[in-house]
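Student: Please take a close look at the enclosed space inside this structure and at what surrounds it. I would like one connected account.

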Amino acid sequence: MILDHVYDIVTDDIFLRLDGMVPGGEVFLKLEGLNPAGSIKLKTAVGMVEDAERSGLLTAGGRIIESSSGSLGVALALVSVGKGLSFTCVTDPNASRHSVRLMRALGVDVVEVDRRDANGGYLGTRIDYIRQRLQRDPGLVWLNQYANPANVRTHAVRTASAILREIGRVDYLFVGAGTTGTMMGCATHFRRHSPQTRIIAVDSQGSVTFGHSPGPRYIPGLGTSRVPEICRPDAVDEIVMVAEEEAVRTCRELARRRGLMVGGSTGSVMSALSRMAPDIPEGSRIVAISPDLGDRYVQTIYNDSWVASTFGSDADLTEAFMAISGETGH
């Protein structure tokens, strides 16, 4: 296969079968991190930029500004370089340092806000900064992943259709909720083409997306401190809230038991799946979406010191890690 642009390298047909996750059922993990941007957000970036180009909002040499906790920022950096656009990414202290370094290596202007918003997160602060920049510089184009219908469309056309094309019958779909673009795109497509599929949305404790109480969060990916405009909670069948400590534990279990290093969003999704497994009927076919892999989280999720300083004590996580690997004692 020969392609013309780096952002065209999207692997939408790779699934890992995970035996033993659901008794009597088949579990397929859709691996979205096997592209040059390292996450599902490459599709989001391409979809939003090309939609802006078609509408005339973006022209040659245009300048983009966008809020991101890391993954979309990296993806937009690749797309912007490939299309000759300039890009400013507004992020916060929770962003992966690896992602920030990648963006800067690609020539992106990275602005990091450090003031928490009223709900304990940084999203409101990031968006406030963008609005201020737009007032000063109307030539900037804010793609606004939280309200952009192209975010939803690209995952309906690409992500959801790829799942049905490759897997066929899907009884349960587990999908994380960040901006909710992937969730809403999958819900739109599945309701039309596979209405019997139960769609399970997974969110982080401390997120306000589905009306829960706000709280601090430390792992980028899932959750918001401001409800995205594109989100429609009634589009899914069930919502599962997962504590970040539980997501960390699941990430480590997958690494030790299966040799699979994934990011915190995947850890949350797989935690929700494990929690629901006893109630899933035998013979079911289950798909879970893994937005990215674990290389960006080596210094956080997979680092005992970071876990200890972030969550207060890593004793339970470390003991679980040792039990999984067959190690003993302190």
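Tutor: Contact here means heavy atoms within 4.5 Å. The model is predicted, and every value below is computed from it.

Begin with one residue, A288, which lies in strand β10, residues 285-290. Leaving out residues up to four places away in sequence, A288 touches F28, L29, K30, F174, V269, M270 and L273. A288 counts as buried because its relative accessibility is 0%, where the cut-off for buried is under 20%. A288 and K41 are separated by 247 residues in sequence and by 16 Å in space, C-alpha to C-alpha.

Now the cavities. Over the whole structure, a search finds two cavities of 30 Å³ or more. The largest cavity holds about 610 Å³ of space. Its lining consists of 42 residues, and those nearest the centre of the cavity are S69, G178, P220, G221 and L222. Two or more lining residues come from each of α2 (71-83), α4 (123-136), β7 (172-176) and α6 (181-193). By residue class, the lining of the largest cavity has 23 polar, 13 nonpolar and six charged residues.

The second largest cavity contains about 50 Å³ of space. The residues that line this second cavity are S204, I219, P220, L222, E244, A247, G264, S265 and S268. Here the elements that give two or more residues are α7 (244-258) and α8 (264-276). Helix α8 gives the most to this lining, with three residues. The lining of the second largest cavity divides into four polar residues, four nonpolar and one charged. P220 and L222 appear in this lining, and P220 and L222 are also among the residues nearest the centre of the largest cavity.

Helix α7 can be followed further. It has 15 residues and reaches 21 Å from its first C-alpha to its last, close to the 21 Å expected at 1.5 Å a residue. The buried residues in α7 are E244, A247, V248, T250, C251, R252, L254 and A255. Of these, E244 and A247 also line the second largest cavity. Just after α7, G259 takes a positive phi of about 70°.

To sum up, the largest cavity, of about 610 Å³, draws two or more lining residues from each of α2, α4, β7 and α6, whereas the second largest, of about 50 Å³, draws two or more from each of α7 and α8.

Note on methods
Residues numbered from 1 in each chain as written. Predicted model: local features only at pLDDT ≥ 70, side-chain atom pairs only at ≥ 80, totals over all residues. Heavy atoms only, no water. 1 Å grid on protein atoms, 1.4 Å probe; cavity = no way out; pocket = protein on both sides within 12 Å on 5 of 7 lines; lining within 4 Å. Points joined across faces, edges and corners; volume = space filled by probe spheres on them. Helix = DSSP H or I, 4+ residues; strand = E, 2+ residues; numbered from the N terminus. Nonpolar A, V, L, I, M, F, W, Y, C, P; charged D, E, K, R; others polar. Buried < 20%, exposed > 50% of the residue type's maximum accessible area, 1.4 Å probe, protein only. Expected span 1.5 Å × (residues − 1).
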